[in-house]
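Student: I would like a close look at a single part of this model. Please take the salt bridges, and then show me what lies around them.

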Amino acid sequence: MRRRSDRIQAWLTLAVIVTALLAAPGAAWWTARSTYGAEARASEWEARHRRAVSAVLEQNAAGVSSTVDSEALPGPEYVPVAARWTAPDGTVRAGAVPVEAGARAGSTVTVWIDELGALASPPRRRNAVLDATVAGTFALTAMLAFLGGARRLVIWRLDRRRLRSWEAEWQIIGPRWSRR
């Protein structure tokens, strides 16, 4: 005999499987495509609005003196030094740029500027394919986890209902068996 709750559980399982097979890949694909497009647009925007220019140092870059052993620190030491560069509109700009300690006045370094000529961070190296793959995989995993969790929650409720029904029936049948 199959109870109504058993039929509900079977149909729910079928619905979850069909949804997982049909909707989850579509959601993952849509998420990956959207992420790829956003990353490509961001890279394109940065390429249009930031550019590398040469800046001429106006003073020597002295190292920072400290009591810490400089060999223990990884990588080169960078210090801010006054420099000048030419903005896209032809005006000469000046500001402090980070350079390796020991750089001499008059030497050139590459700095990144925005369309107004102000210092900017270098463009981020984006891997749109990797980001899209991670986003799509996360979307797929999240959807499958949601479907599985929702199914488990409904089955838990059905199991509770079945247990209450069994207890109610046992209250009726149990005393008859204990008399024998």
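Tutor: What follows goes through the salt bridges, then the pocket, the nonpolar core and one proline.

The model is predicted. Ten salt bridges are counted in it. Three of them are worth a close look here.

Start with Asp6 and Arg162. Their side chains form a salt bridge, with N to O at 2.8 Å. Asp6 sits in helix α1, which covers residues 4–49, and Arg162 sits in helix α2, which covers residues 128–179. The pair therefore ties together parts that lie 156 residues apart in sequence. Is Arg162 buried or exposed? Arg162 has 11% relative accessibility. The cut-off for buried is under 20%, so Arg162 counts as buried.

This pair also belongs to a wider group. Arg3, Asp6, Arg152, Asp159 and Arg162 are linked in a network of salt bridges.

Now move to Arg126. This residue lies in the loop between β4 (108–114) and α2. Which residues of helix α1 does Arg126 pair with? Glu39 is one of them, and Glu46 is another.

Take Glu39 first. The closest N and O atoms of the Glu39 and Arg126 salt bridge are 3.4 Å apart. Glu39 is in helix α1, and the two residues are 87 apart, so the pair links distant parts of the chain.

Glu46 comes next. In the salt bridge between Glu46 and Arg126, the closest N and O atoms are 3.3 Å apart. Glu46 lies in helix α1 and Arg126 in the loop, so this pair ties together parts that are 80 residues apart in sequence.

Accessibility adds to the picture. Glu39 is buried, at a relative accessible area of 14%. Glu46 is also buried, at 9%. Arg126 is partly exposed, with a relative accessible area of 23%.

Return to Arg162, and look at the pocket. Arg162 helps to line the largest pocket, together with Arg3, Arg4, Ser5, Arg161, Ser165, Trp166 and Glu169. The volume of this pocket is about 150 Å³. Two elements, α1 and α2, each give two or more residues to the lining. The largest share comes from α2, with five residues. By type, the lining has five charged residues, two polar and one nonpolar. Arg3 and Arg162 thus appear in the lining, and both are also in the salt-bridge network.

Next, the strands. The largest nonpolar core has 13 residues. Those that touch the most other members are Leu57, Ala61, Val81, Trp85, Val97, Val99 and Val111. The elements giving two or more residues to this core are β1 (50–57), β2 (78–86), β3 (92–100) and β4. Strand β2 gives the largest share, four residues. In soluble globular proteins, nonpolar side chains tend to be buried together.

What does Trp85 touch, leaving aside its neighbours within four places in sequence? Trp85 is in contact with Val53, Ser54 and Ala55, and with Thr91, Val92, Arg93, Ala94, Gly95 and Val97. Its contacts also include Ile113, Gly117 and Leu119.

Finish in helix α2, with Pro175. Pro175 is placed in this helix. At 37% relative accessibility, Pro175 counts as partly exposed. The C-alpha atoms of Pro175 and Leu158 are 26 Å apart, for a separation of 17 residues along the chain.

Key
Residues are numbered from 1 along each chain as its sequence is written. This is a predicted model: local features need pLDDT of at least 70, side-chain atom pairs count only at pLDDT 80 or more; totals for chains, interfaces and linings use all residues. Side-chain values use heavy atoms; hydrogens and water are left out. A salt bridge is a side-chain nitrogen of Lys or Arg within 4 Å of a carboxyl oxygen of Asp or Glu. Buried means under 20% relative accessible area, exposed over 50%, partly exposed in between (1.4 Å probe, protein chains only). A nonpolar core is a set of buried Ala, Val, Leu, Ile, Met, Phe, Trp, Tyr and Cys residues joined through side-chain atoms within 4.5 Å. Contact means heavy atoms within 4.5 Å. On a 1 Å grid over the protein atoms alone, a cavity is a set of points where a 1.4 Å probe fits but cannot get out, and a pocket is an open set with protein on both sides within 12 Å along at least five of seven lines; lining residues have an atom within 4 Å of a point. Grid points are joined across faces, edges and corners, and a volume is the space filled by probe spheres set on the points. Ala, Val, Leu, Ile, Met, Phe, Trp, Tyr, Cys and Pro count as nonpolar, Asp, Glu, Lys and Arg as charged, and the others, Gly among them, as polar.
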